[in-house]
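Work through these exercises with the sequence and the 3D view side by side. Try each task before reading its solution.

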Amino acid sequence: MFVLNFNKKCAILCYINPCEVPMINIAILGFGVVGGGITEVINMNKDKLRQYVGDDIYVKKILDLRDFPDSPYGDRVVHDISEIVNDDEITLVCETMGGVNPAFDFSIALMNRGKSMVTANKELVAKKGIELMNCARENGVHYFFEPSVGGGIPEIRGMRTSLAGDTITEIDGILNGTTNYILTRMKREGVDFTSTLKDAQRLGYAEANPAADVDGLDAQRKIMILTAVATGYLCEEKDVYCETMTKLTPADIDAAKRWGGAVKLLGSSRIREDGCALYVAPFFVPEASPLCFVEDVYNAIRIVSPVTGDVMFYGRGAGRMPTAGAVVADVAAILSGLADKEKKCQWQAAPEGYVKPFGENKFSYYVRVKTDSVSDTLEAAGLAFGAVKALDGSPAGFCELITDEIAENTAQAVFAGEALGVVESVIRILK
């Protein structure tokens, strides 16, 4: 473009290369679903981002194993991380590769060269968050990870800023859109788990190997991250109880309806001064809880604190644009200087004994027992659990009951024994 450059004697018509217009250079690691979405979000909101950041954001390089000859960004794709590490014009890098290796090594190398990082990689944050945040602090850069939990839902920044003056005591989250979609379909249509999972895979909501979703591993990593944001302690996966949802049946879903709620796969944390309890499992969620009505692929995180009370974050917990939008929001916070005013997360390993053994937690339970005598089963349950309540509308040949709160270890010993007879289903109840 041409501009007039005035000095004291004359006006000079100058040509300025658009590529030389002031801009901030960033890079992307991984040009898949989310990585490609980042470029879309930047283009879609470039005027607003320019106003917010003060300069244009320019994606200078993209790391990927593949080539993208048909993409307008094809000429920016590189295959060697050193091309980004050694490029001093790049000040920030977005990591959307997934997995721990090589993402961890790449992130460390980039921060050691003075580049801030934004990641959507929940597994990396859950397993290596302490080392990554220490590296960021030592190099005077930022390591942000809002997109790693809840996609486009801004719960991590909300916890770090809006709730910074409060103490978080409880977290319950519907943290996986795939499993919530499956449970919603089972509730609406009365279909079984296997059929619904196949539909979720056909629609692209579930992977060919859905274990990370349906066995709770995805939610497990996310509740670890949320708990670390709340407490400063990052727990280990082995200390976080995780239960599959693959055993759920239409009979369980129907029982939850008759009880007055719905079945949800929750990631939960109970935080006290002397420690915490973390677990992922299917729960009966009562209609009194807003989590009961979160359906389809949506996520929701309920946070409780003594000053603020109940707060819930709700929205699309995954997907190309919501997650990419969260990445760009973190990018904008760093490049605008807003992040410099926020207290950085500094985590440490949870001390020995900080995480309460799961068996010591107390729950009420929904129990379905196959029996020829409902009265005998209720009598046996009363002796084992104390007060119990029969659930109305139980199918013939079954006794369904709700127990009082009892320690997990004690309850499981009863379920595994012969006192109740054939126990067909056990699901905990959200208090």
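**Exercise 1. Follow α7 and what packs on it**

Task: Find which elements the buried residues of α7 pack against, and describe the helix itself.

Solution. This is a predicted model.
- Step 1: The buried residues of α7 pack against β9 (170-174), α8 (193-202), α9, α11 (250-259), β12 (261-272) and β14 (298-305).
- Step 2: Count the covered positions. Ten of the 13 residues of α7 are buried, so the helix is mostly covered, with buried meaning under 20% relative accessible area.
- Step 3: Place them. The buried residues of α7 include Gly 177, Tyr 181, Ile 182, Leu 183 and Arg 185.
- Step 4: Check the length. From first C-alpha to last, α7 reaches 18 Å, close to the 18 Å expected at 1.5 Å a residue.
- Step 5: Look at the ends. At the N-terminal end, Asn 176 is the cap, with a side-chain oxygen 3.1 Å from the backbone nitrogen of Thr 178. Just after α7, Gly 190 has a positive phi of about 70°.

**Exercise 2. Map the largest pocket**

Task: State the volume of the largest pocket and say which residues lie nearest its centre.

Solution.
- Step 1: The volume is about 1000 Å³.
- Step 2: The lining of the largest pocket has 38 residues, and Lys 122, Glu 207, Asp 218, Ala 318 and Gly 319 lie nearest the centre.
- Step 3: Assign the lining to elements. Two or more residues come from each of α1 (33-44), α5 (122-139), α7 (177-189), α9 (211-214), α10 (217-231) and α12 (320-336).
- Step 4: Sort by character. The lining of the largest pocket holds twelve nonpolar, 17 polar and nine charged residues.

**Exercise 3. Compare two cavities**

Task: How many cavities of 30 Å³ or more does the structure hold? Then describe the lining of the largest and of the second largest.

Solution.
- Step 1: The structure holds three such cavities.
- Step 2: The largest cavity has a volume of about 80 Å³. Among its lining residues are Met 133, His 142, Phe 144, Arg 160 and Cys 345. α5 and β8 (143-144) each give two or more residues to this lining.
- Step 3: Sort the lining of the largest cavity: seven nonpolar, two polar and two charged.
- Step 4: The second largest cavity has a volume of about 60 Å³. Its lining includes Leu 183, Thr 184, Ile 253, Val 263 and Glu 295. Here α7, α11 and β12 each give two or more residues.
- Step 5: Sort the lining of the second largest cavity: six nonpolar, one polar and three charged.
- Step 6: Link back to the helix. Leu 183 and Thr 184 line the second largest cavity, and both are buried residues of α7.

**Exercise 4. Place Asp 87**

Task: Is Asp 87 buried or exposed, and which residues does Asp 87 touch?

Solution.
- Step 1: Asp 87 is in the loop between α3 (82-85) and β6 (90-95).
- Step 2: Its relative accessible area is 7%; the cut-off for buried is under 20%, so Asp 87 is buried.
- Step 3: Leaving out residues up to four places away in sequence, Asp 87 touches Lys 60, Lys 61 and Lys 115.
- Step 4: Pick out the polar contact. The side chains of Asp 87 and Lys 60 make one at 2.9 Å.

**Exercise 5. Step back to the whole chain**

Task: What share of the 431 residues counts as buried?

Solution.
- Step 1: The share is 52%.
- Step 2: Add the elements. The protein has 14 helices and 21 strands.
- Step 3: Add the dimensions. The C-alpha trace spans about 105 × 45 × 35 Å along its principal axes.

Technical notes
Residues numbered from 1 in each chain as written. Heavy atoms only, no water. 1 Å grid on protein atoms, 1.4 Å probe; cavity = no way out; pocket = protein on both sides within 12 Å on 5 of 7 lines; lining within 4 Å. Points joined across faces, edges and corners; volume = space filled by probe spheres on them. Helix = DSSP H or I, 4+ residues; strand = E, 2+ residues; numbered from the N terminus. Nonpolar A, V, L, I, M, F, W, Y, C, P; charged D, E, K, R; others polar. Expected span 1.5 Å × (residues − 1). Buried < 20%, exposed > 50% of the residue type's maximum accessible area, 1.4 Å probe, protein only. Contact = heavy atoms within 4.5 Å. Polar contact = N/O pair within 3.5 Å; in protein donor to acceptor, adjacent residues only side chain to side chain.
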